[in-house]
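Let's take a walk through this one together, starting with the overall layout and then stopping at a few residues along the way. Keep the viewer open as you read.

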Amino acid sequence: DGSEVMVSAKPINAATPRSVLAVVKPNGSLVADLTGVIDGGYWSNDGNSIAYFNDSAHQLVVWQPDSKASRSIPLPAQPSPWYGCIWSPQNTWLACSGGHAVVRGDPTTRLLVDPTTRRAGTVKTADIPVVWLSGS
């Protein structure tokens, strides 16, 4: 609803790969923040949760800044990092990209995550953008 803003910052050429993910109100007051090996930040459609990758633990974390609660989901092994998540319209699934095709048209590995059951799996798809259908 625009009442909070997510800010993600990664230091350039830092000795440690630590990042900051923060949620702030338009007046600049801090709602919540995290520091760690964080990659990404994908806000749910209802504005209640943020999904991000904890690269050092090989997990996707679903964080609720207002309550400061979080759920960690172990990820399947992947030679290249996962990235680019989108939430389904009802916030019941996340789809993320990874392992992009070397040759255009080759299959791409996608990560599908159910944050409620904390289960994740992969599927090979065409190297095209992911979209959710209404009702998913």
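A quick word on vocabulary before we start: a strand here is a DSSP run of E, at least two residues long, and strands are numbered from the N terminus. By that naming, Tyr83 sits in strand β8. Keep in mind, too, that what you're looking at is a predicted model.

With the naming settled, zoom out. The protein has 11 strands and zero helices, and reading along the sequence you get β-β-β-β-β-β-β-β-β-β-β. Of its 136 residues, 33% count as buried. The accessible surface comes to about 7,800 Å², and carbon and sulfur atoms hold 56% of that. As for how the chain meets itself, take the contacts between residues at least 6 apart in sequence: 32% of those join residues at least 24 apart.

Back to Tyr83, then. Is this residue buried, partly exposed or exposed? Its relative accessibility is 32%, so Tyr83 counts as partly exposed. If you look for Tyr52, you'll find that its C-alpha atom is 8.9 Å from that of Tyr83, although the two are 31 residues apart along the chain.

Stay in β8 for the next stop, the cysteines. The structure holds one disulfide, and it is formed by Cys85 and Cys96, with their sulfur atoms 2.0 Å apart. Which parts of the chain does the pair tie together? Cys85 belongs to strand β8 (residues 83–87) and Cys96 to strand β9 (residues 94–98), so the link ties together parts that are 11 residues apart in sequence. The torsion about the S-S bond is about 100°, which means the disulfide is right-handed. Both cysteines fall under the 20% cut-off for buried: Cys85 has 7% relative accessibility and so counts as buried, and Cys96 does as well, at 1%.

Now for charges. Side chains of opposite charge can pair when their charged atoms come close. How many salt bridges does a search of the whole structure find? The search finds one, between Lys25 and Glu4, whose closest N and O atoms are 3.8 Å apart. Lys25 lies in the loop between β2 (19–24) and β3 (30–36), while Glu4 lies in the segment before β1 (5–9), so this pair ties together parts that are 21 residues apart in sequence. The two partners differ in exposure: Lys25 is partly exposed at 36% relative accessibility, whereas Glu4 is buried at 15%.

Next, find Ser44 in the loop between β4 (38–43) and β5 (50–54). Despite that loop address, Ser44 has a relative accessibility of 6%, so it counts as buried. What does its side chain reach? The side chain of Ser44 comes to 3.3 Å from the backbone nitrogen of Asn48. Leaving out residues up to four places away in sequence, Ser44 also touches Ser49, Trp87 and Asn91.

Finish on the outside. Trp93, Leu112 and Val123 form a nonpolar patch on the surface, together offering about 220 Å² of accessible area. One of them, Leu112, is found in strand β10 (residues 108–114), and its relative accessible area of 33% makes Leu112 partly exposed.

Conventions: Residues numbered from 1 in each chain as written. Predicted model: local features only at pLDDT ≥ 70, side-chain atom pairs only at ≥ 80, totals over all residues. Heavy atoms only, no water. Helix = DSSP H or I, 4+ residues; strand = E, 2+ residues; numbered from the N terminus. Buried < 20%, exposed > 50% of the residue type's maximum accessible area, 1.4 Å probe, protein only. Polar contact = N/O pair within 3.5 Å; in protein donor to acceptor, adjacent residues only side chain to side chain. Contact = heavy atoms within 4.5 Å. Patch = residues over 30% accessible without salt bridge, like charges linked within 9 Å, V, L, I, M, F, W, Y side chains within 5 Å. Areas by Shrake-Rupley, 256 points an atom, 1.4 Å probe, with all protein chains shown as cover. Salt bridge = Lys/Arg side-chain N within 4 Å of Asp/Glu carboxyl O. Disulfide = S-S within 2.5 Å.
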